[in-house]
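This report describes how the strands are arranged and what packs against them. Please look at the sequence and the structure first.

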Amino acid sequence: MSDCCYVHVTCRRQDMERFEALGFHLEFESSGESVIVELADEEANYAHTGELPTDIPYTAWNGKGSEYGDYKMACDGEEFVEVPASQDGFVVDWDYKTEQPTPQSLDIIRQYLAVHKRAAKFLQEPHHHEFSIENRLCIHCGVHADAVETLTT
Ligand SMILES: [Zn+2]
């Protein structure tokens, strides 16, 4: 029995082999020396559930299979989180009594966003920050000028 779907991964080049061992191949690199690469597996059985690494930073998403929907995944090297989500937004469990999303559903979305934010710090090309005069955010990575000054002092 198999139920395949498309899985896309953004990770550090140094971690590529971990995903290649699962069947992923290189899909995009901005140059041959880029630190960050994008990988894909068009025929991932059950989206590699339970097989994806949990000890390296990366982000990923899978398209839907026949028995499951789209998911977004993030790992910061310590914590792995997956959440049902499509390009349109997150999928929530609806509580018909309270007419609100379930607390569990909101928790997993918040947890995903927190891990994704930590993972994103590892997933950028090394660069010198260039801050916009308007809002003082780096035009490459979005870090605020004040946050960088705090880090270096
Ligand atoms: Zn920057």
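In this predicted model, seven strands make up an open sheet, and their pairing is antiparallel. The order across the sheet is β2-β3-β1-β4-β5-β6-β7. The edges are taken by β2 (25-29) and β7 (89-90). Each of these has a single partner strand, so one side of each is left without a neighbour in the sheet.

The pairings of β5 with the strands on either side of it in this order are listed below.

| Pair | Sense | Bridges | Residues standing opposite |
|---|---|---|---|
| β4 and β5 | antiparallel | six bridges | Asn 62 and Tyr 71 |
| β5 and β6 | antiparallel | five bridges | Tyr 71 and Pro 84 |

Tyr 71 thus appears in both rows, opposite Asn 62 and opposite Pro 84 in β6. The hairpin of β5 and β6 has three residues between the strands, and Gly 77 takes a positive phi near 105° there.

Is β5 mostly covered or mostly open? It is mostly covered, with five of its six residues buried. The helix α2 lies across β1, β4, β5, β6 and β7, and runs at about 55° to β5.

The largest nonpolar core has 23 residues, of which Val 9, Met 73 and Ala 74 touch the most other members. Two or more residues of this core come from each of β1 (4-12), β3 (36-45), β4 (57-62), β5 (71-76), β6 (80-86) and α2 (103-122). Leaving aside residues up to four places away in sequence, Ala 74 touches Thr 59, Val 81, Tyr 112, Val 115, His 116 and Ala 119.

Methods. Residues are numbered from 1 along each chain as its sequence is written. This is a predicted model: local features need pLDDT of at least 70, side-chain atom pairs count only at pLDDT 80 or more; totals for chains, interfaces and linings use all residues. A nonpolar core is a set of buried Ala, Val, Leu, Ile, Met, Phe, Trp, Tyr and Cys residues joined through C-beta atoms within 7 Å. A residue is buried if 20 or more other C-beta atoms lie within 10 Å of its own, exposed if 12 or fewer, and partly exposed in between; C-beta atoms are placed from the backbone. Helices (H or I, at least four residues) and strands (E, at least two) are DSSP runs, numbered from the N terminus. Two residues are in contact if their C-beta atoms, placed from the backbone, lie within 7 Å. Two strands pair if DSSP finds at least two bridges between them. Axes are lines fitted to C-alpha atoms, for helices over the stretch in contact, and angles run from 0 to 180 degrees between N-to-C directions.
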